[in-house]
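Hi,

Here is the structure I said I would pass on. Have a look at it first, and then read my notes below.

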Amino acid sequence: MRVVKVMNNSLLLALDDSGREVILMGKGIGFNKSIGHHLKSEDIEKVFVLKDRSISKNIIRLASEIDSTYFELAKQVIDHAIEAYGMVLMEHIYLGLTDHLSFAVKRYNEGILIQNFYTQTLKRFNPKEYQVGLYALQLVREQLHVDLPQDEAGNIAFHFINAQTNNSYSTDNQTIFETVKGILDIVKYNFSIVYNEDGIGYTRFVTHLRLFAQRLVNGSQDLYDYEDSFYTHVIESCPREYECVRKIGIFIREKFDSRLSRQEEMYLTVHIHRILEEYSQQNKK
């Protein structure tokens with residue numbers, strides 16, 4: 001490998017033995033290197049073959065804007081995900097994660113915090129990806145002395161969810177996650193509330209939604225409408241909650257070409273009622 005351009009301490013543009021342009025990544029790989037320098041293979045930690053010009057252009061752009069520390073941090077986190085959890089990842093994660101870590105630290109230093117309302121949901125659905133996010137926060141704390149909020153672990157986890165190529169995060173899981181998030185959003189915006197993610201009501205609601213979404217994806221939802229006097233009592237006692245459930249029904253019909261059974265309407269109405277009670281009690285404190 002022969003150096004063509006030093007981009008920063010962690011990145012080099014080089015020519016391989018076949019004359020192809022490649023980007024090389026490695027801790028300190030660019031330090032004291034000059035054009036024409038021949039590299040040893042043990043110095044190279046990651047090779048990007050420039051098939052996708054957009055990725056290479058963006059790496060070069062990032063290299064000019066972001067400190068090499070963030071490239072090294074991102075690589076450490078990605079290596080951990082691969083070694084600890086066997087994740088097979090698309091190369092764009094090197095770009096996305098480097099950019100994200102840099103921007104997250106910048107936001108933190110400027111006092112701008114972006115809350116992730118679905119941290120608890122991510123922890124339940126994608127524990128491996130969430131653990132990788134926590135590992136990233138640990139490295140940032142140890143190496144940059146910046147204590148990013150725990151919600152940031154969820155934001156980082158999304159990069160690993162989206163970048164996997166080996167179906168460990170399957171299409172079904174993606175659909176389940178989107179369904180649960182969609183219903184949570186409908187309830188949140190319908191009543192203008194902020195979820196207490198540590199509350200029992202929220203925990204039970206998310207658990208119920210997860211199982212409900214699984215049944216929808218698997219086509220195992222029981223649509224037989226049993227005669228149930230309790231259904232009538234619940235619907236009449238909780239008209240606001242039931243009106244929100246009707247909106248959820250529209251969402252389910254559009255997404256799955258299916259409908260809510262009466263029992264499911266009743267369960268959702270009860271869960272939403274508990275969420276609203278929990279929210280009301282929290283605001284009285």
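**What I found**

The protein chain has an accessible surface of about 14,900 Å², and carbon and sulfur atoms account for 48% of that. Keep in mind as you read that this is a predicted model. The chain runs to 285 residues, of which 46% are buried. In terms of secondary structure, there are 11 helices and 4 strands. Looking at contacts in the chain with a separation of 6 or more, 70% are between residues 24 or more positions apart.

**The strands at the start of the chain**

I began with the strands. Strand 1 covers residues 2–8 and strand 2 covers residues 11–15; the two are antiparallel, with 5 bridges between them. The connection from strand 1 to strand 2 is a hairpin of 2 residues. Strand 2 also pairs with strand 3, again in the antiparallel sense and over 5 bridges. In this second hairpin there are 5 residues between the strands, and glycine 19 has a positive phi near 85 degrees.

You can follow one row across these strands. Valine 3 sits opposite alanine 14 of strand 2, and alanine 14 in turn has valine 22 of strand 3 as its bridge partner. So how far apart are the C-alpha atoms of valine 3 and valine 22? They are separated by 9.7 Å, with the two residues 19 apart along the chain.

Is valine 22 buried or exposed? Its relative accessible area is 1%, so valine 22 counts as buried. The rest of strand 3 (residues 21–25) goes largely the same way: 4 of its 5 residues are buried, which means the strand is largely enclosed by the rest of the structure.

Leucine 15 is another one to click on in strand 2. Setting aside neighbours within four places in sequence, its contacts are Met1, Arg2, Val4, Arg20 and Glu21. Its C-alpha atom is 9.8 Å from that of lysine 5, a residue 10 positions away along the chain.

**Salt bridges**

Next, the charged pairs. Side chains of opposite charge can pair when their charged atoms come close. This structure holds 7 salt bridges, and here are some of them.

- Arginine 215 and glutamate 264 meet through their side chains, at 3.0 Å from N to O. Arginine 215 belongs to helix 8 (residues 200–218) and glutamate 264 to helix 11 (residues 262–284), so this pair ties together parts that are 49 residues apart in sequence. The two ends have different labels for accessibility: arginine 215 is partly exposed at 28%, whereas glutamate 264 is buried at 4%.
- Lysine 255 pairs with glutamate 178, and their closest N and O atoms are 3.4 Å apart. Here the link runs from helix 10 (residues 239–256), where lysine 255 lies, to helix 7 (residues 171–191), home of glutamate 178, so parts 77 residues apart in sequence are tied together. Lysine 255 is partly exposed, with a relative accessible area of 33%, and glutamate 178 is partly exposed too, at 36%.
- Arginine 141 forms a salt bridge with aspartate 147, with 3.4 Å between the closest N and O atoms. Arginine 141 comes out as partly exposed at 39% relative accessibility, and aspartate 147 is also partly exposed, at 45%.

**Cavities**

Last, the empty space. Rolling a probe the size of a water molecule over the atoms shows where empty space is left. How many cavities of 30 Å³ or more does the structure hold? There are 3 of them. The largest cavity has a volume of about 60 Å³. If you want to find it on screen, show its lining residues: Ile193, Val194, Tyr195, Asn196, Ile275, Glu278, Tyr279 and Gln282.

That is everything from my side for now.

Cheers

Notes:
Residues numbered from 1 in each chain as written. Predicted model: local features only at pLDDT ≥ 70, side-chain atom pairs only at ≥ 80, totals over all residues. Heavy atoms only, no water. Pairing = 2+ DSSP bridges. Salt bridge = Lys/Arg side-chain N within 4 Å of Asp/Glu carboxyl O. Buried < 20%, exposed > 50% of the residue type's maximum accessible area, 1.4 Å probe, protein only. Contact = heavy atoms within 4.5 Å. Areas by Shrake-Rupley, 256 points an atom, 1.4 Å probe, with all protein chains shown as cover. 1 Å grid on protein atoms, 1.4 Å probe; cavity = no way out; pocket = protein on both sides within 12 Å on 5 of 7 lines; lining within 4 Å. Points joined across faces, edges and corners; volume = space filled by probe spheres on them.
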